[in-house]
Amino acid sequence: MTTPLPVVLAGARGHGRWHVENIRRLQQQGLVRLAGVCELTPLTEAELDGLGTPEQSADFGTLLDSTGARIAVICTPIPTHTDLALTAAERGVHLLLEKPPAPSYAEFRRMADGVAAAGVVCQIGFQSLGSHAVPAIRELVAEGAIGRLVGLGGAGAWVRDEDYFRRAPWAGKRRLNGVEVIDGALTNPLAHAVATALALGGSTRAEDVTGIETELLRANAIESDDTSCVRIGTAQGHPVTVAATLCAERADEPYVLVHGSTGRITFWYKQDRVLLQRAGHGPEEFEHGRTDLLENLVAHLTTGAGLLVPPDETGAFMKVVEAIRTAPDPAPLPESAWHRVPGQNRRVVPGIDGLVAAAADTLSLYSELGAPWALTAEHPSKEVSTR
């Protein structure tokens, strides 16, 4: 029987509640033990039900020292990720770092290089990349099931009310108190669509990206984008186009489309569900399992299992974050392009659901699909070369 690995969780509320539940599940299996919680306001007994009495402190470094943590799970505001990751790495503590790993490519490199120099392991929290569908789809593509790979499209049509952008001081911000945040539809809530599309095309590393076009817009009264699309040129020669909105008419499951010369594969990445459509065959649907990323990190440390999402495998995604960071601030949509939903305190862009799907289907940007608000919005430096 292996001894459970002591874990410290930094950021246990908001999205951090998901990590509390996951640690509780793994603690019941004897894989980990919640040794510490780093929060400004300590968790209550009810919040810690079934997790014992972990140490609690607002001082992350002190908590890591006093608990003897082997793993730190970091689920804190985006601008704090790099410094907290390096605080853990300096103490020899391995990491599960929430996505996006950093608000800029420079901060990402500072984190990744510091972690590597310290000799610790870091897993980046793109949970969709733990789906067993990812290697299965790559195998289908490699064996020619859909012919030659032509490109990949991602679609995310989500609904978020105006309170979503007030959930934290950094929400909906590009910068806060002079610090980069780069919260936005493609870099945070629908970041999985970007990372998963890149992964399915085998374009995960920074050097795989040859150029990036962005169209960043917003219907809400925020700094960051809530309706945006990006097209990524790759060294592999197939474009990756991802369209996203938080102002959908109806919430839909996000997905990635793999376009081949003789077929296509649709992957609903939150559901681990795959649809294969190809010439000469009826449609085939598959459901896959998923490996939890904290569980995978524990297995890597205890049995030598391969790590699923090391930092360098998110380098291409971080190039996209950097292109969005350096792009002009998102253009506000004209008031004629959106309306409020009565009683729901949210803004909707009519027709956006169809545009998001069409972008993934045709690998086109909104402006190329004839969206009037995208055609009139100014995009003075749409294309960013990464060479």
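**A walk through a two-domain chain**

Let's start with one residue, Asp361. If you skip its neighbours within four places in sequence, Asp361 is in contact with Leu257, His259 and Arg264. Keep in mind as you look around that this is a predicted model. Asp361 sits in helix H9, which covers residues 352-362. Is Asp361 buried, partly exposed or exposed? Its relative accessibility is 38%, so Asp361 counts as partly exposed. You can also look for Gly151: it lies 210 residues from Asp361 along the chain, yet 9.9 Å separate the two C-alpha atoms.

Now zoom out to the whole chain. The domain assignment splits it into domain 1 (5-127) and domain 2 (132-288 + 311-369). Notice that domain 2 is written as two stretches of sequence. Taken over C-alpha atoms, the centres of domain 1 and domain 2 are 27 Å apart.

How do the two domains meet? On one side, 19 residues of domain 1 take part, and they are in contact with 22 residues of domain 2. The size of an interface is often given as the accessible area lost when the parts come together. Here, domain 1 and domain 2 bury about 1,600 Å² between them, and 73% of that is on carbon and sulfur atoms. Three residues stand out on the domain 1 side: Pro103, Tyr105 and Phe126 supply 35% of the area that domain 1 buries against domain 2, more than any other three residues.

What about charges and polar groups at this meeting place? Between domain 1 and domain 2 the count is one salt bridge. The interface also has three residue pairs in polar contact, with both residues at pLDDT 80 or more. To see which parts of domain 1 touch domain 2, find helix H4 (105-118) and strand S6 (122-124), each of which supplies at least two residues of that side. H4 gives the largest share, five residues. Sorted by class, the side of domain 1 that touches domain 2 has 14 nonpolar, three polar and two charged residues.

Next, follow the salt bridges through the model. How many are there by this rule? The count comes to 25 salt bridges. One of them pairs Glu180 with Arg325, with the closest N and O atoms 2.8 Å apart. This pair links distant parts of the chain, since Glu180 is in strand S9 (residues 179-180) and Arg325 is in helix H8 (residues 315-326), 145 residues apart. Glu180 has a relative accessible area of 23%, so it is partly exposed. Arg325, at 22% relative accessibility, is partly exposed too.

Arg325 has another partner, Glu322, and here the closest N and O atoms are 2.7 Å apart. This time both residues lie in helix H8, three residues apart, about one turn of the helix. Glu322 counts as buried because its relative accessibility is 19%, and buried means under 20%.

For another long-range link, try Arg231 and Glu368, whose salt bridge has its closest N and O atoms 2.7 Å apart. Arg231 is in strand S11 (residues 227-234), while Glu368 is in the loop between H9 and helix H10 (372-376), 137 residues away along the chain. With a relative accessible area of 16%, Arg231 is buried, whereas Glu368, at 44% relative accessibility, is partly exposed.

Finally, look at Arg109 and Asp312, whose side chains meet in a salt bridge (3.5 Å, N to O).

Technical notes: Residues numbered from 1 in each chain as written. Predicted model: local features only at pLDDT ≥ 70, side-chain atom pairs only at ≥ 80, totals over all residues. Heavy atoms only, no water. Helix = DSSP H or I, 4+ residues; strand = E, 2+ residues; numbered from the N terminus. Buried < 20%, exposed > 50% of the residue type's maximum accessible area, 1.4 Å probe, protein only. Contact = heavy atoms within 4.5 Å. Domains from an automatic or database assignment. Buried area = accessible area lost by both parts, 1.4 Å probe. Salt bridge = Lys/Arg side-chain N within 4 Å of Asp/Glu carboxyl O. Polar contact = N/O pair within 3.5 Å; in protein donor to acceptor, adjacent residues only side chain to side chain. Nonpolar A, V, L, I, M, F, W, Y, C, P; charged D, E, K, R; others polar.
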